[in-house]
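Visitor: I would like to hear how the labels on this model are justified. Can we go through them one at a time?

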Amino acid sequence: MIYLDNAATTLVKPDLVKERLIEKFDKIGNPSRGSNEISLDTGRMVLATRIKLARLFNIKDPRRLAFCSNATEALNIAISSFIGRDDHVITSLIEHNSVLRPLYLKEKEGAELSFVGLKDEKEGVLNYEMMEGLVRENTKALVISHASNVTGNITDLSKVSDFCKKHELLLIVDAAQSAGLIDIDVEKYGIDVLCFTGHKGLYGLTGTGGIYIRDGLNPHALKVGGSGINSFDKDHPLTMPEVLEAGTINAYGILSLNASLDFINQIGLANIRKKEKDLLIYFEDRIKQIPTLTIYGAKDLDERVGILAINSTKIPSKDLAQILAEKYDIATRAGAHCAPLCHKALRTEEDGLVRFSLSYFTKKEEIDKTIRALKEILGDDYDSNNI
Ligand SMILES: Cc1ncc(COP(=O)(O)O)c(C=O)c1O
């Protein structure tokens, strides 16, 4: 199979991840839950992983980073902790439902939302100029995706950071599509809360992710329970990271991240990004001449992660993805991609988009086969009824 659905989850993980999981398969204990050697060793591995992630994001104190089960959990923690019913929040039309739905819950309680729109219907780049006009007296935060899962467009962190500093707003960033691919420096950009997932560009197992919360901000726990410390207290500890890590931690998942971070550090973020971007340029250059095809997302590929979103006037998106899957064994994602406002703004809510998403492990030969398949399907003499 040619797997081009890496924005959903990366299928191929570095060999190192598999090797370390096998090596440690029967050596994982329950960290902070005892002083046997296995428990202590697992605790050291969890701490080492926290430190590696902190280095990746330039987080000064690794204890400000808590592990979560995914970006969705992290975003729920961020929004439920730091947005109150009297607050106004600025967000954008590119957001994933894991930002929008927690915000809509807050809206039901009384919070107000405003959306940064897009500059146009095809490139889908955020209209940063709109931001100033959205600020109100009670604006508390900007919640923004670092990279769109629909178009792949990368948000300009310098711009949003300057804006938040100027208006003293909390900057909450959804890095689900960018962590492991783009340099994210929480200090440089004054990011107050960073939410990320571990199973996409970080090449860890599903069920991993995390949240960074800067010193001075105190999150509410979504769940309470065993913490390994202060067992006689009725209340769950309020200190980071314990406040957000109730219950037995996903140690196998964290071990996978521990190994994948070694891989990422060996290759280097810039090289991972370059490889993905070069392949994206190669892919896009060779299909953009197909007359019935529309490509969405920023034209400047420096502003896009490895996502190519298209649709065609010849075949509905769902059918195109189905033909790619059934006839060519190419896995993509079609339809709506959990970002309803983005589809509305791009006017693709009816037909959706076919999303091809690359990873460091995508091969040029796979892209060549995909280009040939698209030319065949969308070319003049292809009969889609005759699969
Ligand atoms: C932009 C964006 N944000 C958040 C998420 C949620 O990530 P997870 O499903 O790992 O919680 C996704 C997942 O596709 C995403 O693309």
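Guide: Start with V305. This is a predicted model, and in it V305 has a relative accessible area of 2%.

Visitor: Why is V305 called buried?

Guide: Buried means under 20% relative accessible area. V305 has 2%, so it is buried.

Visitor: Where is the place of V305?

Guide: V305 sits in the loop between β9 (293-296) and β10 (307-312). Leaving aside neighbours within four places in sequence, its contacts include A147, I154, Q177, L181 and L280.

Visitor: What makes these count as contacts?

Guide: Heavy atoms within 4.5 Å are the test. V305 meets it with A147, G152, I154, Q177, L181, I182, R273 and L280.

Visitor: How do you know that the largest nonpolar core lies between domain 1 and domain 2?

Guide: Domain 1 (2-10 + 268-378) and domain 2 (15-267) both give residues to this core, so it lies between them. The core has 67 residues; L53, F57, I191, L194 and L202 touch the most other members. Helix α7 (residues 251-267) gives the most, with eight residues.

Visitor: Which other core lies apart from it?

Guide: One of 29 residues, among them I2, L280, L324 and F356.

Visitor: What makes the largest cavity a cavity and not a pocket?

Guide: In a cavity, a 1.4 Å probe fits but cannot get out. One cavity of 30 Å³ or more is counted by this rule. The largest has a volume of about 160 Å³.

Visitor: Which residues lie nearest the centre of the largest cavity?

Guide: Q177, L181, G201, E276 and L358, out of 20 lining residues. The lining divides into nine nonpolar, nine polar and two charged. Domain 1 and domain 2 each supply at least three of them.

Note on methods. Residues numbered from 1 in each chain as written. Predicted model: local features only at pLDDT ≥ 70, side-chain atom pairs only at ≥ 80, totals over all residues. Heavy atoms only, no water. Core = buried A, V, L, I, M, F, W, Y, C linked by side-chain atoms within 4.5 Å. Buried < 20%, exposed > 50% of the residue type's maximum accessible area, 1.4 Å probe, protein only. Helix = DSSP H or I, 4+ residues; strand = E, 2+ residues; numbered from the N terminus. Domains from an automatic or database assignment. 1 Å grid on protein atoms, 1.4 Å probe; cavity = no way out; pocket = protein on both sides within 12 Å on 5 of 7 lines; lining within 4 Å. Points joined across faces, edges and corners; volume = space filled by probe spheres on them. Nonpolar A, V, L, I, M, F, W, Y, C, P; charged D, E, K, R; others polar.
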